[in-house]
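Good morning, and thank you for making time for this item. I would ask you to keep the display open while I speak.

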Amino acid sequence: MATATKSKSSTSAPKKAASKSTVSPATRPTTNDSMLQKFFSDELKDIYWAEKHLVKTLPKMKKAATSAQLQKAFEEHLQVTKEHVTRLEQVFEILGKKPQAKKCDAMAGITEEGEGIIEDTEKGTATRDVGLVLAAQKVEHYEIATYGGLAQLAATLGYNDISDILQLTLNEEKQADLTLTQIAESSINYKASEETEKN
Ligand SMILES: [Fe+2]
Ligand SMILES: [Fe+2]
């Protein structure tokens, strides 16, 4: 029965540790004053504002929707979004900072566009639902871009725990986007294509 092989000690092993010049995210010490760290914190404030803003916007989108399936999707994503707010608060806590929101002009613009769609379309129509899906998908894509980038930055800065949290949210944003696509393709788009303008 051969036990552990105590074969000749290789001479190559110690050399590996010497190659320190490459970035090793898992072990890299974090500094709280790097420009990247500051940028990362600012971006967290930005998405924190965006998520809190969405908690107020999603009920309006649900109310404006006609399809029961779409209403349900907005309701479900509202609950998920509340969780995203909580997760960001956890992230601030890990960083030893108080949660702080900074107005996200991009999200303000996207949701304003969504309100415009509600104003420009008729209540109770599938056309309005199509517009709502489009607006909601723009929101999700903004979030996907943001969380994808931030999860990567967190890892680069050595915050693997934060990266995992952001990744969790990223996956849920992707799922929300998929759900919206399915709703649009399975019924709303077709129904809207059959609607004619009244007046
Ligand atoms: Fe979110
Ligand atoms: Fe979302």
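I shall go through the overall make-up of the chain, then its helices, and then a few individual residues.

Please bear in mind throughout that this is a predicted model. The secondary structure of the protein chain consists of five helices and zero strands. Along the sequence, the pattern therefore reads α-α-α-α-α, with helices counted from the N terminus. The protein chain has 199 residues, of which 29% count as buried. As for contacts between residues at least 6 apart in sequence, 76% of them join residues at least 24 apart.

Let me begin with helix α1, which covers residues 35-64. It has 30 residues and reaches 43 Å from its first C-alpha to its last, close to the 44 Å expected at 1.5 Å a residue. Where does α1 kink? The kink, of about 35°, lies at Val 55, shortly before the proline Pro 59. The buried residues of α1 include Phe 40, Leu 44, Ile 47 and Tyr 48. Also buried in α1 are Ala 50, Glu 51, Leu 54 and Thr 57, and further along the helix Leu 58, Met 61 and Ala 64. The cover over these buried residues includes α2, α3 and α4, where α2 spans 68-94 and α4 spans 126-156.

How do the axes of α1 and α3 cross? Helix α3 comprises residues 105-120, and its axis comes within 11 Å of that of α1, with a crossing angle of roughly 10°. Angles under 35 degrees count as roughly parallel, so α1 is roughly parallel to α3. On the α1 side, the contact is made by Ala 50, His 53, Thr 57, Met 61 and Ala 64. On the α3 side, it is made by Met 107, Ala 108, Thr 111, Gly 114 and Ile 118. The residues of this contact divide into six nonpolar, four polar and no charged.

Two residues of α1 deserve a closer look, beginning with Leu 44, which has its place in that helix. Why does Leu 44 count as buried? Leu 44 has 25 C-beta neighbours inside 10 Å, and a residue is buried if 20 or more other C-beta atoms lie within that distance. Not counting residues up to four places away in sequence, Leu 44 touches Leu 88, Val 91 and Phe 92. Leu 44 and Lys 102 are 58 residues apart in sequence, yet their C-alpha atoms are 8.7 Å apart in space.

The second is Leu 54, also in helix α1. Leu 54 is buried because 23 other C-beta atoms lie within 10 Å. Leaving aside neighbours within four places in sequence, Leu 54 is in contact with Thr 81 and Val 139. Its C-alpha atom is separated by 8.2 Å from that of Thr 111, which is 57 residues away along the chain.

I turn now to α2. This helix has 27 residues and reaches 39 Å from its first C-alpha to its last, close to the 39 Å expected at 1.5 Å a residue. Its buried residues are Leu 70, Ala 73, Phe 74, His 77, Thr 81, His 84, Leu 88 and Val 91. They pack against α1, α4 and α5, the last of these spanning 160-193. Just after α2, Gly 96 takes a positive phi of about 75°.

Finally, α5. It has 34 residues and reaches 47 Å from its first C-alpha to its last, close to the 50 Å expected at 1.5 Å a residue. There is a kink of about 50° in α5, and its centre is Glu 185. The buried residues of α5 pack against α2 and α4; among them are Ile 162, Leu 166, Glu 173, Leu 180 and Ile 188.

What does Ile 188 touch, not counting residues up to four places away in sequence? The list is Ser 67, Leu 70, Ala 126, Asp 129, Val 130, Val 133 and Ile 183. Ile 188, found in helix α5, is buried because 24 other C-beta atoms lie within 10 Å. The C-alpha atoms of Ile 188 and Val 133 are separated by 9.2 Å, with the two positions 55 residues apart along the chain being the sequence separation.

That concludes my remarks, and I thank you for your attention.

Terms used
Residues are numbered from 1 along each chain as its sequence is written. Chains are lettered from A and ligands numbered from 1 in the order in which they are written. This is a predicted model: local features need pLDDT of at least 70, side-chain atom pairs count only at pLDDT 80 or more; totals for chains, interfaces and linings use all residues. Axes are lines fitted to C-alpha atoms, for helices over the stretch in contact, and angles run from 0 to 180 degrees between N-to-C directions. Helices (H or I, at least four residues) and strands (E, at least two) are DSSP runs, numbered from the N terminus. Angles under 35 degrees count as roughly parallel, over 145 as roughly antiparallel, 65 to 115 as roughly perpendicular and the rest as oblique. Two residues are in contact if their C-beta atoms, placed from the backbone, lie within 7 Å. Ala, Val, Leu, Ile, Met, Phe, Trp, Tyr, Cys and Pro count as nonpolar, Asp, Glu, Lys and Arg as charged, and the others, Gly among them, as polar. A residue is buried if 20 or more other C-beta atoms lie within 10 Å of its own, exposed if 12 or fewer, and partly exposed in between; C-beta atoms are placed from the backbone. The expected span of a helix is 1.5 Å times one less than its number of residues. The bend at a residue is the angle between axes fitted to the seven residues ending there and the seven starting there.
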